[in-house]
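The following exercises ask you to read a structure step by step, each with a worked solution. Please try every task on the structure before you read on.

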Amino acid sequence: MAPEFLFVLADTGVPPLNLIQYTLLAQFHFRLTKIHSDTLPATLFKTFNKPLALNNLHPSTLDYHIRNSLHQLHIDPLVDPLPHMITLPQKCRERAYRNILRTTISTLWRMELLNLAPLHLPHNNCRKASYIHIDRDDLHRRDLFKPAQYLRSHLDQLLLLRLRTQPTSYIPSHLHLANDHTYIPYDQRNCPSCLPIQIVGNEPHTLLHCPHSSPLSHPDILSLTRALRRYDLCSWSSHTPLQQTAILLGSRAPKLLHKHDKA
Ligand SMILES: [Zn+2]
């Protein structure tokens, strides 16, 4: 998958198709075995669903896909995931189960994303690493099915989405083709304003460090500094350059983010 699609999906809260499929099949299994277990489809499922090991099932069967989904999500098909809700209406139980699955899927997806850019790697070695290092705090929101905070705010969402997902020409590291349409490796996407000094024109450089473009961020930094002081949060200068970049690109200050994670 091209990085920009991966970034758009992560920011807008749309999990990859394979994870959505696991969720739907696990919900289907829950419905057949725990909610509507006395219906005809459930009886047929019980009759034909032999307790075979996963590798003895044919990969073209629905049974295989259901069992594989449960396996991927670490769900024991024989255990009721909501024993404390047994007396509640079926609709409530289905909704509660769906929410449990969302948390599981969010955790799996977050691990997938964070593994693309381990913390010990420099954040400027590729576009994916840069995105994940800047978005790290947003990706830790509990429910990744919800869009990132800035997409649920009054901010200029489309502009921020474009800057964060890297299809722009404003930030030199977003440009993967040179004028002659040849590919430029990430670590050679230098800031044109700083030449002949060769420095990658990534987000922190362009917004915070570049003597030519960073003055454009100063009014925003000033109002953010005031806002952090007003809400009694850590000062602007106590944040790392990556956190400052993330805040300029619409992320909430880390402390505020954790406070509002349940929102
Ligand atoms: Zn520069």
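**Exercise 1. The nonpolar cores**

Find the residues that make up the largest nonpolar core, and decide where this core lies with respect to domain 1 and domain 2.

*Solution.* Start with the terms: a nonpolar core is a set of buried Ala, Val, Leu, Ile, Met, Phe, Trp, Tyr and Cys residues joined through C-beta atoms within 7 Å. A residue is buried if 20 or more other C-beta atoms lie within 10 Å of its own, exposed if 12 or fewer, and partly exposed in between, with the C-beta atoms placed from the backbone. The model is a predicted one, in which local features need pLDDT of at least 70 and side-chain atom pairs count only at pLDDT 80 or more, while totals for chains, interfaces and linings use all residues. Residues are numbered from 1 along each chain as its sequence is written.

Next, list the members: the largest nonpolar core has 11 residues, namely F7, A10, L113, A117, Y131, I132, I134, L228, A246, I247 and A253. Two or more of these residues come from each of α1 (3–12), α6 and α10, where helices (H or I, at least four residues) and strands (E, at least two) are DSSP runs numbered from the N terminus. The largest share, 3 residues, belongs to α6.

Finally, place the core: because domain 1 (3–115) and domain 2 (127–259) both give residues to it, this core lies between them. Another core, of 7 residues, lies apart from it, and includes A26, F30, Y97 and I105.

**Exercise 2. The two domains**

Describe how domain 1 and domain 2 are placed, and work out which elements of domain 1 touch domain 2.

*Solution.* The bounds, 3–115 for domain 1 and 127–259 for domain 2, come from an automatic or database domain assignment. The C-alpha centres of the two domains are 36 Å apart. Across the boundary, 16 residues of domain 1 are in contact with 18 residues of domain 2, a contact being two residues whose C-beta atoms, placed from the backbone, lie within 7 Å.

On the side of domain 1 that touches domain 2, the elements giving two or more residues are α1 and α5 (90–115). The residues of that side divide into 8 nonpolar, 4 polar and 4 charged; here Ala, Val, Leu, Ile, Met, Phe, Trp, Tyr, Cys and Pro count as nonpolar, Asp, Glu, Lys and Arg as charged, and the others, Gly among them, as polar.

**Exercise 3. Helix α10 and its neighbours**

Which residues of α10 are buried, and against which helices do the buried residues pack?

*Solution.* Helix α10 spans residues 241–248, and within it Q244, T245, A246 and I247 are buried. These buried residues pack against α6 (127–139), α8 (203–209) and α9 (218–230).

Take the pairing with α6 in turn: α6 and α10 pack at an angle of about 70°, with their axes 9 Å apart. Axes are lines fitted to C-alpha atoms, for helices over the stretch in contact, and angles run from 0 to 180 degrees between N-to-C directions. Angles under 35 degrees count as roughly parallel, over 145 as roughly antiparallel, 65 to 115 as roughly perpendicular and the rest as oblique, and α6 and α10 are therefore roughly perpendicular to each other. Their contact is formed by H133, I134, D135 and D137 of α6 together with L242, T245 and A246 of α10, and its residues divide into 3 nonpolar, 2 polar and 2 charged. After α10 comes G250, with a positive phi near 105°.

**Exercise 4. Backbone details in the loops**

Locate H74 and Q166, and decide for each whether the residue is buried or exposed.

*Solution.* Recall first that most residues other than glycine have a negative phi, and most peptide bonds are trans. H74, which is not a glycine, has a positive phi of about 55° and lies in the loop between α4 and α5. H74 counts as exposed, because 8 C-beta neighbours lie inside 10 Å.

Q166, also not a glycine, has a positive phi of about 75° and sits in the loop between α7 and α8. Because Q166 has 21 C-beta neighbours inside 10 Å, the residue counts as buried.

The loop between α7 (157–165) and α8 also holds P196, and the peptide bond from L195 to P196 is cis, with omega near 10°.
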